[in-house]
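Biologist: Could you walk me through a few spots in this model? I'd like to see how each conclusion is reached.

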Amino acid sequence: MIYLDHAATTPVPRAVADAMYEVLTEQFGNPSSQYPMGLEMKRRVEVWRKTVADALGCGAKQLFFTSCGTEADNWAVTAACWQNRHLGRHIVTTAVEHSAVLEACRWMERQGYEVTYLVPAQDGSLSAEQVLAAVRQDTALVSCMLVNNELGNIYPIAEIARGLAVKNPQTLLHTDAVQGFLKVPCSAKTLGADFLTISAHKIGGPKGIGALYIGPRVRNPKPLLAGGGQEGGLRAGTEATAQIAGFARAVELRRENLEEKLLCMAKIRDYAAERLSAIPDLKILSAPGGAPHILSISLVGWPSQNIVNDLGSQGVCISAGSACHQGKPSHVIAALKLSKKVSGGVIRLSFGPETDKGDIDACADALRRHHDTRMPML
Ligand code: PLP
């Protein structure tokens, strides 16, 4: 099998699974228990928290584990609006956010908030000026992703944070960094966002564990779950110890020779762009300078779902936009207002540190076969 869908999820290395297995079967104590096994687990959860926090460039006390990136996104949006409920009821976000942010914003709309959905340029780019121009005196929250999961564009979060400090210092900034963490420069300190979301399963960790960074400007953050006081009383529920152990181990592994891994991924992306460009009717959509692991392309005129199905049956796993939108047209591609023929043929290839040129060659051959043997339908 050729797996080129690392933006959807990633394989879990044996060392990560082993770390989780040990916690599931031997060190299975509840961190709230008062006997040695529980106390030891509490200590270890804090060590793992520090491992993830160090990779994110924040203090361990600023990092809260959640059940996934989606949960962290939902929490950030509602917590920011809660803190700024007296400031106003306006949110600025982008039309190309992940559904986890968009749906949280739509929920806020139903509570009476007004949401401005910024549309990027046709190449997926978005400037800090565009974001800041939409900010008003009553803007409670700006939520803008760090890396777009379908196109790979990197958005200027640090510049937005600096601009907000001048234009409206009370407005809180959230960035969904699920596709940026350990893929592009992603330090909480440098980016300057008040909330930052990450998720383990995009970097070789298990599914079902994410984290939210909450910065110092967020006073008395609104708890997500009330209960037994875990996660500093903000997100109650017995800690998912095996998932947290796996998250930390995945972070450690990914950080080993990280620069080298990122360079390899960028080279693979560029090789894929070059190799695929030779296929007739193939258009590269990802703009230069994007995240190293994502390449968006269109086989202009050929419906993307058919491509995904056909390549899948040839053992090549790719996606038609984001895995979270299977079967429906992607809102990200729709926002770019490309022609019907281009947008209908969009597929995403995404890479991991283990992807090699052979994988790309196999994908290119399968795509070429699809082009040559199937009729265009769009
Ligand atoms: N945000 C982005 C940009 C994503 O790509 C994803 C997952 O695809 C999520 C949020 C959701 O993360 P999770 O799958 O951990 O809920």
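Modeller: Happy to! One term before we start: contact means heavy atoms within 4.5 Å. Please keep in mind that this is a predicted model.

Biologist: Thanks! Which residues in helix 13 does helix 10 meet?

Modeller: Helix 10 covers residues 304–313 and helix 13 covers residues 357–373. From helix 10, the residues taking part are Asn306, Ile307, Asp310 and Leu311. Their partners in helix 13 are Cys363, Ala366, Leu367 and His370.

Biologist: How many residues of that contact are nonpolar, polar and charged?

Modeller: Asp counts as charged, while Ala, Leu, Ile and Cys count as nonpolar. Asn and His are not named in either group, so they fall among the polar ones. The contact of helix 10 with helix 13 therefore divides into 5 nonpolar, 2 polar and 1 charged.

Biologist: Are helix 10 and helix 13 parallel or oblique to each other?

Modeller: Two packed helices are described by the angle between their axes and the distance between the axes. Here the axes of helix 10 and helix 13 come within 10 Å and cross at roughly 125°. The crossing is also right-handed. An angle between 115 and 145 degrees is in none of the other classes, so helix 10 and helix 13 are oblique.

Biologist: Now for the rings. What kind of aromatic pair do Phe64 and Trp75 form?

Modeller: A search of the whole structure finds 2 aromatic pairs. In the one formed by Phe64 and Trp75, the centres are 6.1 Å apart and the planes are at 75°. Planes over 60 degrees apart count as edge-to-face, so the pair of Phe64 and Trp75 is edge-to-face.

Biologist: Where in the chain do Phe64 and Trp75 sit, and is Phe64 buried or exposed?

Modeller: Phe64 is in strand 2 and Trp75 is in helix 3, 11 residues apart. Trp75 has a relative accessible area of 1%, so Trp75 is buried. Phe64 has 10% relative accessibility, and because the cut-off is under 20%, Phe64 also counts as buried.

Biologist: Is Ser296 buried or exposed?

Modeller: Ser296 lies in strand 10, residues 294–299. Beyond its sequence neighbours, Ser296 touches Glu150, Leu151, Ile284, Leu285, Ser286, Val346 and Ile347. Its relative accessible area is 0%, so Ser296 is buried.

Biologist: And is Ala278 buried or exposed?

Modeller: Ala278 sits in the loop between helix 9 and strand 9. Its relative accessibility is 59%, and because the cut-off is over 50%, Ala278 counts as exposed.

Note on methods: Residues numbered from 1 in each chain as written. Predicted model: local features only at pLDDT ≥ 70, side-chain atom pairs only at ≥ 80, totals over all residues. Heavy atoms only, no water. Helix = DSSP H or I, 4+ residues; strand = E, 2+ residues; numbered from the N terminus. Buried < 20%, exposed > 50% of the residue type's maximum accessible area, 1.4 Å probe, protein only. Axes fitted to C-alpha atoms, helices over the stretch in contact; angles between N-to-C directions. Parallel < 35°, antiparallel > 145°, perpendicular 65-115°, else oblique. Left-handed = near helix turned anticlockwise from the far one by under 90°. Phe/Tyr/Trp six-rings, centres within 6.5 Å; stacked < 30°, edge-to-face > 60°. Lists of a residue's contacts leave out its neighbours within four places in sequence.
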